[in-house]
Amino acid sequence: MKKKGNNSGKILGVIGLGYVGLPLSLEFVRSGYKTIGFDIDEKKIKVLSSGNTYIKHIGENRVKEMIETGFFEPTSNFSRINEVDAISICVPTPLDAHRMPDLSYVIDSARMVSKNMKKGTLVILESTTYPGTTREVLLPILEDGDRKLDKDFFLAFSPEREDPGNKKYNTKNIPKVVGGISQNSTKIAVELYKTIFDAVVEVSSSEVAEATKLLENTYRSINIALVNELKVILDRMGINIWEVIEAAKTKPFGYTAFYPGSGLGGHCIPIDPFYLSWKARELGLNTRFIELAGEINTSMPEYVVEKTIFALSEHKKALRGSNILVIGVAYKKDIDDARESPGIRIMELLIERGANTSYYDPYIPEIKGFRQTDLVMKSVDLTDELLSGQDAVIISTAHSLIDYQKIYKNSSLIIDTRNALWGIKSDKITLA
Ligand SMILES: NC(=O)c1ccc[n+]([C@@H]2O[C@H](COP(=O)([O-])OP(=O)(O)OC[C@H]3O[C@@H](n4cnc5c(N)ncnc54)[C@H](O)[C@@H]3O)[C@@H](O)[C@H]2O)c1
């Protein structure tokens, strides 16, 4: 990466160097801004400082180049927030044990910013959250003492639309929606982001920007639930949903293809819509579509296990005591993120029902210390012997680099939730 240098001499900050914050930092540096990346995780700071990476699709070379420019400084020293002119907050926004929004990471970050920021700092929240968070939660923290919006600091929301693993769309060329707490804050944030992203979409308020992200992810969750429900219904009619989708998507208008699978995963689609539900409840409103989609999508791992039980019984076998291998526990193909992964839920269900369960995922070598599960397991080697010793193989996530022909050749029964064995007609294969 060439050291580009930026005429404005502005220094930018990013809080939270994860799947969103790290590529965002990279884009800031590419645009010529000196960038300070803040994270509470010392291990991540160490890895980045030595030019390495912990996110597969952000290759080591990219981090190394970024460090070598001298324009990127990862740190856990939050007092350095006083060096930045603008800071983007990219920390997690999960649900708590009662499925309520957990804004603790956002609040902690806002407090750090408030404590350390210099006069005139632009603060942009990027974490997905319910409409009103920037104004109701961040603004009071930043207005600490007699500090005033648009005089002492500026505040906006800009949703992240990162799609890890997407070869066509990346941080830079995905249009960036920006809405401020005030006109002035919007203007300042739009001006900055125009120097970084290919296209900036200005909206009238932070609430519109917050709601935009929730509309996008709710739309995905509902459409995935729709095809998952249709999959179950069409299967009972003896119709292959994958073939139906291929035919439907030839319509040049009014239809966007969504695909069924073993359930929903990741940090966004299974979680974000419930931020909206929670806020709607405050107004006495129900979000029926969201609840229904959540119900259908979370029932998919159960459905896959039921299909497995049924397919095994056709082979005169019981699930209890059978050897079952789950292929792919990342939440989607070609990435190394297993958060909220349905593959892990499938394994929990199999283990509960007494199956000898193992998994293979080249991107998730180990399951350990994950928030959603107590499971501790290591990925096995996908050898011919291993496959032939299985009573069933469940394809939960179909990474591109996996040899499906090898799986087909060596397995006696395959439960395929992703149509990875498309085109092969065999009694060994059950679509689920
Ligand atoms: N992952 C995606 O594809 C994606 C896409 C769009 C939006 N989002 C949203 O972006 C936000 C961040 O998601 P992510 O996937 O990057 O999460 P992540 O877990 O990968 O990264 C978050 C980082 O924040 C750090 N962190 C936590 N608390 C901190 C604090 N107080 N101060 C500094 N650092 C702190 C963590 O150590 C971690 O490195 C979430 O709101 C998410 O919904 C994620």
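This briefing covers the sheet of a predicted model, strand S4 within that sheet, and the ligand surroundings. The sheet is open and has 8 strands, in the order S3-S2-S1-S4-S5-S6-S7-S8. The ligand is surrounded by 26 residues.

**The sheet**
- Pairing within the sheet of 8 strands is mixed.
- Strand S3 (72-75) and strand S8 (200-202) are the edge strands, each pairing on one side only.
- Neighbouring strands are turned by 25° against each other on average, direction ignored.
- Helix H7 (residues 206-236) packs on the sheet, where it touches strand S6 (153-157) and strand S7 (176-180).
- The direction of H7 makes about 145° with that of S7.

**Strand S4 and its partners**
- Strand S1 (residues 11-15) and S4 run parallel and are joined by 4 bridges.
- Among the bridge partners, Leu-12 is matched with Ala-86 of S4, and Ile-15 with Ile-89 of S4.
- S4 also pairs with strand S5 (residues 121-125), in the parallel sense and over 4 bridges.
- Ile-89 has Leu-125 as its bridge partner in S5.
- From S4 the chain passes through H4 to S5, a β-α-β crossover that is right-handed.
- In a regular strand, side chains alternate between the two faces of the sheet.
- Both faces of S4 (residues 86-89) are covered: Ala-86 and Ser-88 are buried on one side, Ile-87 and Ile-89 on the other.

**Around the ligand**
- The closest residues are Gly-16, Gly-18, Tyr-19, Val-20 and Ser-127.
- Helix H4 (residues 104-116) gives the largest share of the shell, 3 residues.
- By class, the shell holds 12 nonpolar, 8 polar and 6 charged residues.

Conventions: Residues numbered from 1 in each chain as written. Predicted model: local features only at pLDDT ≥ 70, side-chain atom pairs only at ≥ 80, totals over all residues. Near = placed C-beta within 6 Å. Helix = DSSP H or I, 4+ residues; strand = E, 2+ residues; numbered from the N terminus. Nonpolar A, V, L, I, M, F, W, Y, C, P; charged D, E, K, R; others polar. Buried ≥ 20, exposed ≤ 12 C-beta atoms within 10 Å, placed from the backbone. Pairing = 2+ DSSP bridges. Right-handed = clockwise from strand over helix to strand, strands pointing away. Axes fitted to C-alpha atoms, helices over the stretch in contact; angles between N-to-C directions. Contact = placed C-beta atoms within 7 Å.
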